[in-house]
Amino acid sequence: MSFAARSATQALRAASRRAPRALSVASLKPAQAASYSLFAHAAAAKSSRSAVQGTRGVKTLNFAGTEEVVYERSDWPLAKLQDYFKNDTLALIGYGSQGHGQGLNARDNGLNVIVGVRKDGESWRQAMEDGWVPGETLFPIEEAIKKGTIIMNLLSDAAQSQTWPTIAPLITKGKTLYFSHGFSIVYKEDTKVIPPPDVDVILVAPKGSGRTPSSKDVTGKAKEKAIALGVGIGSGYMYDTTFEKEVYSDLYGERGVLMGAIQGLFLAQYQVLRKNGHTPSEAFNETVEEATQSLYPLVGQYGMDYMYNACSTTARRGALDWAPVFEKANVPIFEQLYESVRNGTETRKSLEFNGRSTYREDLARELKEINDQEIWRAGKVVRSLRPDYKPE
Ligand SMILES: NC(=O)c1ccc[n+]([C@@H]2O[C@H](COP(=O)([O-])OP(=O)(O)OC[C@H]3O[C@@H](n4cnc5c(N)ncnc54)[C@H](OP(=O)(O)O)[C@@H]3O)[C@@H](O)[C@H]2O)c1
């Protein structure tokens with residue numbers, strides 16, 4: 001899971017309106033799966049500039065001692081991009097945050113885009129609001145797939161699996177199949193999503209994509225198409241990865257430090273403070289408010305060494321001593337988590353939960369439990385005291 005930086009592309013900004021994730025791009029190849037993913041963070045790109053070995057387009061960057069190839073938008077000026085896709089129709093299937101962001105960017109870039117969603121569903125309504133016209137650029141799913149040459153499967157991961165039996169026969173020879181997550185392909189034993197043998201399979205996803213036995217680069221142009229599509233949907237930089245690495249790191253990260261581990265750590269610290277007689281406001285301030293409002297932005301901007309250098313000598317000594325204790329305690333948990341991702345346990349849980357007809361109500365129940373936790377109730381009051389507070 002990636003977060004859209006402020007400086008990220010239009011696609012990232014569009015996507016972040018409904019889900020705080022960055023877009024990235026990739027293509028699948030049968031034997032040697034190359035894939036590409038957007039480097040959305042301007043600061044990262046800037047600080048790497050000294051290591052750039054090419055001037056425009058494809059270049060090699062040195063990421064802390066590891067050389068990686070990065071593909072750049074500058075190789076694809078708009079006229080070239082439009083010419084490349086002049087005979088294509090991009091059929092965006094699904095209109096969640098990805099369909100919305102990617103579709104609007106590709107349309108703004110002058111590409112021929114249509115949207116396919118369930119007729120009269122929530123996505124249909126939202127697509128119409130965004131100017132997609134029924135019968136012209138907005139169609140029921142099956143019809144859009146028939147009209148499209150590049151089928152961009154942006155349904156929810158659970159829906160990709162559920163709808164595959166209907167969709168698969170429509171993905172005929174010569175079409176290109178496109179995903180934004182390695183999920184359906186990598187866990188094909190569970191999802192049953194197995195692309196036909198005679199279509200190119202491309203991934204344009206947060207992070208990247210890569211080799212899977214079921215993917216094929218039939219035309220020999222899958223990689224080029226993936227890079228071009230990455231540019232088409234608004235990506236600035238792309239890098240090679242694999243389908244497996246993309247999906248493993250994505251599932252691992254969101255369960256770990258991006259969300260799951262952070263919620264767990266916040267709760268643990270808060271609870272101990274409360275047990276020791278600290279007030280809710282003090283416990284919240286020392287756990288969440290200070291972290292998110294003052295420390296983490298600095299870590300993001302300048303790195304952890306800067307943070308250690310900028311804090312008081314007392315804080316620095318304690319943080320230096322306790323970091324290895326937390327690391328040691330957490331490595332076994334992260335190993336357990338990675339294994340649970342790798343062996344498909346996380347995928348099966350996700351498919352089961354997100355495939356339920358009661359999915360929305362079940363989720364609402366669990367989110368209400370978080371909303372009702374004292375820490376987050378206290379947080380609402382703390383946030384209301386901020387000078388720039390705007391009622392939520
Ligand atoms: N969210 C992100 O930030 C993000 C970032 C990178 C990659 N991705 C990947 O991008 C893909 C799309 O994710 P998303 O978050 O944009 O979409 P999403 O919110 O997970 O899915 C929404 C779409 O799926 C449709 N849908 C759900 N169940 C369906 C069913 N049974 N039949 C037909 N349509 C159904 C919805 O249509 P209705 O409105 O009609 O229900 C809606 O158009 C996924 O592979 C995801 O992993 C997501």
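User: Before we look at the second largest pocket, what counts as a pocket here, and how much space lies in this one?

Analyst: Happy to start there: a pocket is an open set of grid points with protein on both sides within 12 Å along at least five of seven lines. The model is predicted. On that footing, the space that lies in the second largest pocket is about 1800 Å³.

User: Which element gives the largest share of the lining of the second largest pocket?

Analyst: The lining has 41 residues, and L265, Q269, A291, Y296 and M304 lie nearest the centre of the pocket. Elements that give two or more residues to this lining are α12 (260-275), α13, α14 (304-310) and α15 (313-342). The largest share is 13 residues, and it comes from α15.

User: How do the residues of that lining divide into nonpolar, polar and charged?

Analyst: Tyr and Met count as nonpolar and Gln as polar, so among the residues nearest the centre, Y296 and M304 are nonpolar and Q269 is polar. For the lining of the second largest pocket as a whole, the division is 26 nonpolar, 10 polar and five charged.

User: Helix α13 also makes contact with α18; are their axes roughly parallel or roughly perpendicular?

Analyst: Good one to check in the viewer! The axes of α13 (residues 280-302) and α18 (residues 374-384) come within 9 Å and cross at roughly 90°. Angles of 65 to 115 degrees fall in one class, and α13 and α18 are therefore roughly perpendicular.

User: Which residues of α13 and α18 make the contact, and how many are nonpolar, polar and charged?

Analyst: From α13 come P280, S281, F284, N285, V288 and E289. The α18 side is made by E374, I375, W376, A378, G379, V382 and R383. By class, this contact has seven nonpolar, three polar and three charged residues.

User: A64 has a positive phi; is A64 buried or exposed?

Analyst: The phi of A64 is near 50°, and this residue is other than glycine. A64 has its place in the loop between β2 (59-63) and β3 (66-72). Exposed means over 50% relative accessible area, and A64 has 84%, so A64 is exposed.

User: And K192, where does K192 lie, and is K192 buried or exposed?

Analyst: K192 is a residue other than glycine with a positive phi, near 65°. K192 lies in the loop between α9 (188-191) and β9 (200-203). With a relative accessibility of 55%, K192 counts as exposed.

User: To finish, what percentage of the residues in the protein is buried?

Analyst: The protein has 18 helices and 10 strands. Of its 392 residues, the buried ones make up 44%.

Key: Residues are numbered from 1 along each chain as its sequence is written. This is a predicted model: local features need pLDDT of at least 70, side-chain atom pairs count only at pLDDT 80 or more; totals for chains, interfaces and linings use all residues. Side-chain values use heavy atoms; hydrogens and water are left out. Axes are lines fitted to C-alpha atoms, for helices over the stretch in contact, and angles run from 0 to 180 degrees between N-to-C directions. Helices (H or I, at least four residues) and strands (E, at least two) are DSSP runs, numbered from the N terminus. Angles under 35 degrees count as roughly parallel, over 145 as roughly antiparallel, 65 to 115 as roughly perpendicular and the rest as oblique. Contact means heavy atoms within 4.5 Å. On a 1 Å grid over the protein atoms alone, a cavity is a set of points where a 1.4 Å probe fits but cannot get out, and a pocket is an open set with protein on both sides within 12 Å along at least five of seven lines; lining residues have an atom within 4 Å of a point. Grid points are joined across faces, edges and corners, and a volume is the space filled by probe spheres set on the points. Buried means under 20% relative accessible area, exposed over 50%, partly exposed in between (1.4 Å probe, protein chains only).
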